[in-house]
Amino acid sequence: MARCKACGVELRQGARFCDMCGTKVEKICPSCGETLRDQAKFCDLCGVKLPLARVVSAPKTKGGISAGRLHTVALRADGTVLAAGDNQFGQCDVADWTDIVAVAAGKYHTVGVRADGTVVAAGDRSYGQCQVEDWTDIVAVAAGDSHTVGLRADGTVVAAGRDTSGKCNLGHWKNIVAVAAGMDHTLGLTREGTVIAAGEGLFGACAVNGWVGIASIAADHIHTIGVRRDGRIQEADGFAAPGVTEWTDIAAVAVSPFHTVGLKTDGTVVASGDIQYGQCDVTGWAEICFVAAGERHTAAVQKDGTVLAVGDNESGQCQVDGWKLW
């Protein structure tokens, strides 16, 4: 049985979105779980006839978690949003957001995708990173330090914000299924499982040529991380936290400037990097379906919708007690 690449839950045959976390399902074989060519009618691996169609729209409801430098944002299944932590730029002013299907937290701003494909943003506007009011047909967003990236349903990409390094020069990108944003670079995951990058390649952050078989991507600061379809970690910059390339059975990853968090397919979590604030104290976590990494804290969502957080709480970014997303 095929499993969700984000949370590891088994997928129903013919499912377009994961029943647990709402992640879009790529075209996969319902028999063996093999990732398929876009126009395939039969699985190249096992030969089964394929009933699945390519999905290009966002889910109606979706929970989730994201972390900025000093704030945490969570998406409820009813489409509303919760936020805690530093609010000096208004990045936590999301109480009136509704019909949201995806969220992303940047350094000092927060972005949400509405069910109708439009986008809302709150927080720091110094570089135009919140100028997303005109965006349409968006299914996912990523938020960097000073820029915002939107993925359209047709696989093209838009961006807003500071572009001194070319990280917003994405008009030529096509066939993208996921995006990620760091301090001065942007990543795109293609349908074929390769990765492309734009912007400042400081310390190798954009060194993704040759990456294949990638299931998901993450970026923050100067870091670039990919999760391969075999559940192993691919890192581009050479500055990954110790031991992460030895991790196995990883379904999703979150990265901060100083630590990396991995969600395993069995719902447990691993972490490596700076431990000064306890942000890597995740050993006892179980039944997890989402993870997020802030600069000095880690947040997660359990399969029952409960939110957990560890690490620095100086700005209240770990004050998530009582949060229930579904």
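**Exercise 1. The accessibility of Arg-296**

Does Arg-296 count as buried or exposed, and at what relative accessibility?

*Solution.* The model under examination is a predicted one.

Step 1. Locate the residue: Arg-296 lies in the loop between S19 and S20.

Step 2. Apply the cut-off. A residue is buried under 20% relative accessible area. Arg-296 has a relative accessibility of 16% and therefore counts as buried.

Step 3. List the surroundings. Leaving aside neighbours within four places in sequence, Arg-296 is in contact with Arg-69, Leu-70, Tyr-277, Gln-279, Gly-311, Asp-312 and Glu-314. With one of these, Tyr-277, the side chain of Arg-296 makes a side-chain polar contact at 3.3 Å.

**Exercise 2. Salt bridges around Arg-296**

Determine which residues are joined with Arg-296 into one network of salt bridges.

*Solution.* Step 1. Take Asp-312. A salt bridge connects Asp-312 with Arg-296, and their closest N and O atoms are 3.0 Å apart. This pair links distant parts of the chain, 16 residues apart: Asp-312 belongs to the segment after strand S21 (307-311), and Arg-296 to the loop between strand S19 (288-293) and strand S20 (297-302). Asp-312 and Arg-296 are both buried.

Step 2. Take Glu-314. Its salt bridge with Arg-296 has closest N and O atoms 3.8 Å apart. Here too the pair links distant parts of the chain, with Glu-314 in the segment after S21 and the two positions 18 residues apart in numbering. Glu-314 counts as exposed, at 66% relative accessibility.

Step 3. Combine the pairs. Through shared partners, the salt bridges join Arg-296, Asp-312 and Glu-314 into one network.

Step 4. Place the network in context. The whole structure contains seven salt bridges. One salt bridge is formed by the side chains of Glu-133 and Arg-125, at 3.6 Å from N to O. Arg-125 is partly exposed, with a relative accessible area of 45%.

**Exercise 3. The pairing of S4, S5 and S6**

Describe how strand S5 pairs with S4 and with S6, and state how far S5 is covered.

*Solution.* Step 1. Consider S4 and S5. Strand S4 (residues 100-105) pairs with S5 in the antiparallel sense over five bridges. Ala-102 stands opposite Val-113 in S5. The two strands form a hairpin, with three residues between them.

Step 2. Consider S5 and S6. Five bridges join S5 to strand S6 (residues 119-123), again with antiparallel strands. Val-111 stands opposite Ala-121 in S6. This hairpin has four residues between its strands, and Gly-117 in the turn has a positive phi of about 90°.

Step 3. Assess the covering. Strand S5 (residues 109-114) is mostly covered, five of its six residues being buried.

**Exercise 4. The sheet of S7, S8 and S9**

Establish the strand order of this sheet and identify its edges.

*Solution.* Step 1. The sheet is open and has three strands in the order S7-S8-S9, paired antiparallel.

Step 2. Strand S7 (138-143) and strand S9 (157-161) each have a single partner strand, so they stand at the edges and one side of each lacks a neighbour in the sheet.

Step 3. Neighbouring strands of the sheet are turned by 20° against each other on average, direction ignored.

Step 4. S7 is joined to strand S8 (residues 147-152) by five bridges, the two running antiparallel. The bridge partner of Val-141 in S8 is Gly-150.

**Exercise 5. The nonpolar cores**

Which residues of the largest nonpolar core touch the most other members, and which strands each supply at least two of its residues?

*Solution.* Step 1. The largest nonpolar core has 15 residues, of which Val-111, Val-113, Val-119, Trp-135, Ile-138 and Val-141 touch the most other members.

Step 2. At least two residues of this core come from each of S4, S5, S6, S7 and S9.

Step 3. Examine Val-113. Not counting residues up to four places away in sequence, its contacts include Ile-100, Ala-102, Ile-138 and Val-141.

Step 4. Another core, of 14 residues, lies apart from the largest; among its residues are Ala-67, Leu-82, Ala-84 and Leu-325.

**Exercise 6. The hairpin of S2 and S3**

Characterise the pairing and the turn of this hairpin.

*Solution.* Step 1. Strand S2 (residues 71-75) and strand S3 (residues 81-85) pair in the antiparallel sense over five bridges. The bridge partner of Val-73 in S3 is Ala-83.

Step 2. Five residues lie between the strands of the hairpin, where Gly-79 takes a positive phi near 90°.

Terms used: Residues numbered from 1 in each chain as written. Predicted model: local features only at pLDDT ≥ 70, side-chain atom pairs only at ≥ 80, totals over all residues. Heavy atoms only, no water. Pairing = 2+ DSSP bridges. Axes fitted to C-alpha atoms, helices over the stretch in contact; angles between N-to-C directions. Salt bridge = Lys/Arg side-chain N within 4 Å of Asp/Glu carboxyl O. Buried < 20%, exposed > 50% of the residue type's maximum accessible area, 1.4 Å probe, protein only. Polar contact = N/O pair within 3.5 Å; in protein donor to acceptor, adjacent residues only side chain to side chain. Contact = heavy atoms within 4.5 Å. Core = buried A, V, L, I, M, F, W, Y, C linked by side-chain atoms within 4.5 Å.
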